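Student: Could you walk me through this structure and explain the reasons behind the labels?

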Amino acid sequence: MPHSYSPSQSRSCNVFYWLQRMVEESRICRIYFYYTRPAPLLKDALLSDSKWGELYVQCIKAMRVMFHQCRLVHADLSEFNILYHRGDCYLIDVSQSVEHDHPHALEFLRKDCTNITEFFGKKGVCVMSMRRLFDFVTDPNINDSNIEEYLEKARLIARERLETGLSEKEKVDEEVFKRSYIPRTLDEVDNVSEAQKAKAGEAY
């Protein structure tokens with residue numbers, strides 16, 4: 001059941017509250033202080049190809065949990081801010097995370113998606129395109145009943161892209177997505193879409 005959310009809460013209290021509530025059901029900021037040997041950063045982990053693929057799925061699912069249930073965007077997510085411990089990955093350094101109403105929240109999310117896509121792609125993982133990952137994190141229609149089906153379809157598409165390489169159009173699309181305008185809030189997305197449709201209609 002979704003937890004209630006009050007925008008009137010101070011940012012620091014809200015971040016702490018949500019991370020505390022989510023710590024047992026996600027891999028966000030679960031830090032172990034009592035181990036004498038610290039967990040390595042994900043960038044320093046030496047893993048098999050299959051394990052990298054598993055951690056990629058863990059990571060993007062955690063991004064969704066953070067976005068939809070914590071109502072936060074990490075805003076600095078990369079292999080430098082993820083720990084690898086006992087077979088799992090853990091998102092850390094969330095003190096700079098921003099709420100949905102931050103004017104640059106979705107721009108930060110796009111950067112997070114770019115970092116994760118590029119890092120795991122270099123490890124040979126069949127990753128989604130940056131745009132597809134952005135949509136996966138933000139899509140409210142994905143839920144527990146269809147998320148695995150969604151990920152399987154995305155994996156098949158990604159595998160084909162890995163085997164055949166990106167087409168010139170796909171390369172252009174990725175670069176355009178990196179630089180294109182991102183609405184300041186999710187509420188603006190529909191408005192931008194309608195405006196684009198109207199503009200396209202005028203062009204005809």
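Tutor: Here we look at aromatic rings, burial and cysteines. This is a predicted model, in which local features need pLDDT of at least 70, side-chain atom pairs count only at pLDDT 80 or more, and totals for chains, interfaces and linings use all residues. Residues are numbered from 1 along each chain as its sequence is written, and side-chain values use heavy atoms, with hydrogens and water left out.

Student: Why are Phe 119 and Phe 120 called an edge-to-face pair?

Tutor: Rings of Phe, Tyr and Trp (its six-membered ring) pair if their centres lie within 6.5 Å; planes under 30 degrees apart count as stacked, over 60 as edge-to-face and the rest as tilted. The centres of Phe 119 and Phe 120 are 5.2 Å apart and their planes meet at 80°, so this pair is edge-to-face. Both rings belong to one aromatic cluster with Trp 52 and Tyr 56.

Student: What makes Phe 120 buried?

Tutor: Buried means under 20% relative accessible area (exposed is over 50%, partly exposed in between, with a 1.4 Å probe and protein chains only). Phe 120 has a relative accessible area of 1%, so Phe 120 is buried. Phe 119, at 8%, is buried too.

Student: How do you know that Cys 59 and Cys 89 are not bonded?

Tutor: A disulfide is a pair of cysteine sulfur atoms within 2.5 Å. The closest cysteine sulfur to that of Cys 59 is in Cys 89, 5.3 Å away, so it is too far for a bond. By this rule, the count is zero disulfides. Cys 59 counts as buried at 0% relative accessibility, and Cys 89 counts as buried at 1%.
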